Amino acid sequence: MKIGIICYPTYGGSGVVATELGLGLARRGHEVHFITYRPPVRLAHFHQNVFYHEVDYEDYPLFEYPPYETALASTIVDVVQYQNLDLLHVHYAIPHAAVAYMAQKILLAQGRYVPIITTLHGTDITLVGTHRTFAPVVEFSINQSDGVTAVSQSLKNDTLRLFSIHRDIRVIYNFIDFERFRKVNKEHFKKIIAPEGERILAHTSNFRKVKRVEDVVRIFRRVREHVPSKLLMIGDGPERPNAERLCRQMNLCADVRFLGKQDAIEELLAICDLFLIPSENESFGLAALEAMACEVPVISSNVGGLPEVNIHGVTGFLADPGDIEAMASYAILLLSNEAMHKQFREQALQQARRFDLNHILPEYEAYYIETLENSQTKR
Ligand code: GMT
């Protein structure tokens, strides 16, 4: 198949999933065309069967708001025509589903039908998508897509609850590439971060409000009172200055490292003992899955799709968002009991295996074929 992938090229989870999916499909012999405004972050190397098309944008002094959607639609039309694509797979509904719909209609006027699959990722539904400035467009473009997937059962339920949807939504879970995410020996590195054998806790995110990053710092303070430990804060975003300020106020700076955006997350996870993800909302929690694949148990909130990934009392523990005391107590319990910690590490890996790329990728392939077949009549 010749597949066009439209996504955000940044460090956000949807862009990561889209890129890893494209690379996986290319390895299985499909021709994959990324259409984005910048090369996706995880598309760092040359890959056979993978092509990159930058959105062709022309600015003009009249435009107070750049008409990026128009430029993206025009680029999609051009790539579909020139590369003869079979299918468009758009990640994150805003604005990609609506833009793809526009491109589809332009192409149809030229006598060509290209089916669209929209993958819903999270905040496009649960947070931004429901705002009045987006909701009618999100709802319409989901209903108009030829296929729609959600990355968890919880996100599917949220979509059906928040919007008036009269079509099926397929749950296809996010996945993990075990070639990359697995525990490797980085003892020398561990000694630098935790020279006295302290426990290492980690958090990775894009530091937005929804991640409750300050809770991570507060949980860590409680843990550190009982267990000698260090905290790695990986990623960047609007809440980072607040989290750093809180560390100063709490006199934690000697034990907390803000590492900014990192490409080799798996090397950092390799030295970690516990992962914290206390989000207000989380449709899936890819960051938690990446940790579990590296044998790191997870303390998370119990919202959205997190309970589908992190199993309470098995791969880690869950608590209500904002319940810092409970999360800290669970962390202390796990870090103070060597046998339990070892068992949770093993169980985290077992659970992560359910989301192996090699299981999930064929689900996407099958869904592509099904969608192509169902859209035959529209051609
Ligand atoms: O909101 C984010 O943190 C980024 C966002 C995205 O779409 O870029 O992530 C969402 O999609 C990820 C990949 O499917 C999921 O693993 C995240 O749970 C989800 N984030 C939220 O729901 C907050």
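**Exercise 1. In which helix is the place of Pro-95?**

Solution. This is a predicted model, in which local features need pLDDT of at least 70, side-chain atom pairs count only at pLDDT 80 or more, and totals for chains, interfaces and linings use all residues. Residues are numbered from 1 along each chain as its sequence is written, and side-chain values use heavy atoms, with hydrogens and water left out.

Step 1. Pro-95 belongs to helix α3 (residues 93–109). Helices here are DSSP runs of H or I with at least four residues, strands are runs of E with at least two, and both are numbered from the N terminus.

Step 2. The peptide bond that leads from Ile-94 into Pro-95 is cis, and its omega is near -10°.

**Exercise 2. Locate Asn-84 and Tyr-92, and state the phi and the exposure of each.**

Solution. Step 1. Asn-84 sits in the loop between α2 (68–83) and β4. Its phi is near 60°, a positive value in a residue other than glycine.

Step 2. With a relative accessible area of 42%, Asn-84 is partly exposed. The classes are buried (under 20% relative accessible area), exposed (over 50%) and partly exposed (in between), with a 1.4 Å probe and protein chains only.

Step 3. Tyr-92 is in the loop between β4 and α3. Tyr-92 is not a glycine, yet its phi is positive, about 75°. Tyr-92 counts as buried, at 13% relative accessibility.

**Exercise 3. Give the strand order of the open sheet of 7 strands, and find its edges.**

Solution. Step 1. The order is β3-β2-β1-β4-β5-β6-β7, with parallel pairing. Two strands pair if DSSP finds at least two bridges between them.

Step 2. The edges are β3 (50–54) and β7 (170–171); each has a single partner strand, so one side of each is left without a neighbour in the sheet.

**Exercise 4. Describe the partners and the cover of β4.**

Solution. Step 1. Strand β1 (residues 2–6) runs parallel to strand β4 (residues 87–91), and 4 bridges join them. Ile-3 is opposite Leu-87 in β4.

Step 2. β4 also pairs in the parallel sense with strand β5 (residues 116–120), over 4 bridges. Here His-91 is opposite Thr-119 in β5.

Step 3. For the cover, 5 of the 5 residues of β4 are buried. One face carries Leu-87, His-89 and His-91, the other Leu-88 and Val-90, and both faces are covered.

**Exercise 5. How do strands β8 and β9 pair?**

Solution. Step 1. Strand β8 (residues 199–205) and β9 pair in the parallel sense, over 7 bridges. One bridge partner in β9 is Met-233, which matches His-203.

Step 2. Strand β9 (residues 229–235) is mostly covered, with 7 of its 7 residues buried.

Step 3. Thr-204 lies in strand β8 and counts as buried at 11% relative accessibility. Along the chain Thr-204 and Arg-170 are 34 residues apart, and their C-alpha atoms are separated by 28 Å.

**Exercise 6. Which residues come nearest to the ligand, and which of its contacts involve an oxygen atom?**

Solution. Step 1. There are 19 residues around the ligand, and His-121, Asn-174, Arg-208, Glu-282 and Ser-283 come nearest. A residue is near a molecule or strand if one of its heavy atoms lies within 4 Å of it.

Step 2. Polar contacts are pairs of N or O atoms within 3.5 Å; within protein, one must be able to donate a hydrogen and the other to accept it, and residues adjacent in sequence count only if both atoms are side-chain atoms. A side-chain N or O atom of His-121 is 2.6 Å from an oxygen atom of the ligand. For Asn-174, a polar side-chain atom is 2.8 Å from a ligand oxygen atom. Ser-283 uses a backbone N or O atom, which lies 2.8 Å from an oxygen atom of the ligand.

Step 3. On its own the ligand has 480 Å² of accessible area, and the protein covers 95% of this. Accessible areas come from the Shrake-Rupley method with a 1.4 Å probe; for residues, only the protein chains shown count as cover.
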